Amino acid sequence: MSGPLGRLSTGVAVTGWGVALPDTAVTNAELEARLDTSDRWITERTGIRERRIGGTTGQLAAAAARQALTAADATPASVDLLVVATSTPDQQLPATASTVQHTLGLRCGAFDVNAACSGFVYALVAGTGMSMAGARRVLVVGADVMSRVTDQDDRSTAVLFGDGAGAVVLDAVEGPGQLLGWDLGSDGSLRHLLQADIGGYVQMEGKEVFRRAVRVMVESSEMALQRAGLTIDDVDLLVPHQANTRIITAACERLGIPMERAAMVLHRTGNTSAASIPLALGDAVDAGRVAKGDIVLLVGFGAGMTWASAVLRWGQ
Ligand code: ACO
C-alpha cells in the first residue's frame, strides 16, 4: 500500500483462488525401492500415495498467485498487499514475498508469515485485518518446498512431505464479509516436537504431534465456530491441514462431522505445509463441492506448535 488508506472495509470476500504443484511425482513405489519402507505402510499409516517434488517456494507461490489473480480478474496494479505464508523461504533474506512481488509485477507491501502448516490461515486472518485497515485487495499465498528441508534418506519423514502452493485474492466488501469467525493459537513450549535448524532437516516426534494435532484441531474448530455463532452441523465443507488421513478421520469423529465433508488432496500431494489448506480448498471449489452461501471451515496445525481455524461463508 502507498499513499492514503483506501476506504475502510468491514469484511472481505474470496474472489479468486489458484494452486501450483511441481511436475515431478514421487510415488510410494519409488520410495519403497530406495528406503526401508513399503507402499502398504505409507498408505495405511498416512493415506499418502504420491507427492510432488521440485521448484522453489517463490516459483510455486508466484504460479498459484498468478492463477488466483486471473480467476479474480485482478490486475497486478490493483493488489494493495501480498502476504506469503511459508516456513521454507528461498533465502534467509529477503522474504520470499519479495520474489513473488517482483515476478508478478506487483507494486505493494509484501511480507512473509511463518506459522508452519498453520501459516495459510494465519496469513488469511492477517490479510483480513489489513483489509479492514484499508488494503482493498490482498493476495494471500501459502507455499512450501518441504523436500528441501526433509532428509530424503530418513523414512520417518521422507514419505510424508511434498511441495506446492495455493493462493487466494481477498477483496474488501461492505457488510460482514465471508470471514465469520477465526481462532489462532500457539504453544511454544511444544516447539521441540517438530523443528528444523537453519540449514538442517525436519525432526519430528510423530506420535506426539499426531496426538496433539487431533486435540488442537477439534478445540480450535469449535472456538472459531462458536465465535461465528455456528455449530459443526452448519459446516458444508471442512478443509483440514493435509498431514495424515488418520489425523483427519480422528478429528472428524471427535468434531462430529462425516469424513465425506472433508476436502482431501493429501493422497496425491503429501503434506505440503502452508500450501496444504489452499491446495485442498482450491481442489474442492474447482470440483464444484462449494456452493454460494456454504459454510467452509479451514483448520490447520503445525510446528510451534501452532494451530489456526477460519470459518467462511462462501460466495458473495
Ligand atoms: N516405513 C516403514 N516403517 C516406518 C516408517 C516408514 N516410512 N516410518 C516409521 N516406521 C516404523 C517406525 O520405526 C516404527 O517401528 P518400530 O515399531 O519397530 O519402532 C513403526 O513404523 C511405527 O512407527 P510410529 O512412529 O509409531 O508410527 P505411527 O503410527 O505413529 O505413524 C506418523 C507415524 C505417520 C509419522 C504419524 O505419527 C503421524 O502422522 N504423525 C503426525 C505427523 C505430522 O502431522 N507432521 C506434520 C505436522 S505439520 C508441520 O508443521 C510440518
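Which polar side-chain atom lies 2.8 Å from an oxygen atom of the ligand? In this predicted model, that atom belongs to Lys 207. Two contacts through the protein backbone add to the picture. A polar backbone atom of Ala 303 is found 2.8 Å from an oxygen atom of the ligand, while a nitrogen atom of the ligand has a polar backbone atom of Arg 155 at 2.9 Å. On its own, the ligand has 1,000 Å² of accessible area, and the protein covers 74% of this.

Turning to the site as a whole, the ligand sits in the second largest pocket. Two or more residues of the surrounding shell are supplied by each of the elements α2 (39-46), α6 (155-158), α7 (206-228), α8 (245-255) and β12 (295-302). Of the contributions to this shell, that of α7 is the largest, at four residues. Lys 207, with its 2.8 Å side-chain contact, falls within the 206-228 range of this helix.

The shell itself is made up of 26 residues, and Thr 37, Arg 45, Cys 117, Asn 244 and Ala 303 are the closest to the ligand. By residue class, it holds 13 nonpolar, eight polar and five charged residues.

It remains to place the ligand with respect to the domains. Residues of the shell come both from domain 1 (2-174) and from domain 2 (179-313), so the ligand lies between the two. The polar contacts fit neatly into this description: Arg 155 offers its backbone atom to a ligand nitrogen, and Ala 303 offers its own to a ligand oxygen.

Methods:
Residues are numbered from 1 along each chain as its sequence is written. This is a predicted model: local features need pLDDT of at least 70, side-chain atom pairs count only at pLDDT 80 or more; totals for chains, interfaces and linings use all residues. Side-chain values use heavy atoms; hydrogens and water are left out. A residue is near a molecule or strand if one of its heavy atoms lies within 4 Å of it. A polar contact is a pair of N or O atoms within 3.5 Å; within protein, one must be able to donate a hydrogen and the other to accept it, and residues adjacent in sequence count only if both atoms are side-chain atoms. Accessible areas come from the Shrake-Rupley method with a 1.4 Å probe; for residues, only the protein chains shown count as cover. On a 1 Å grid over the protein atoms alone, a cavity is a set of points where a 1.4 Å probe fits but cannot get out, and a pocket is an open set with protein on both sides within 12 Å along at least five of seven lines; lining residues have an atom within 4 Å of a point. A molecule sits in a cavity or pocket if more than half of its atoms lie within 2 Å of its grid points. Ala, Val, Leu, Ile, Met, Phe, Trp, Tyr, Cys and Pro count as nonpolar, Asp, Glu, Lys and Arg as charged, and the others, Gly among them, as polar. Domain bounds come from an automatic or database domain assignment.
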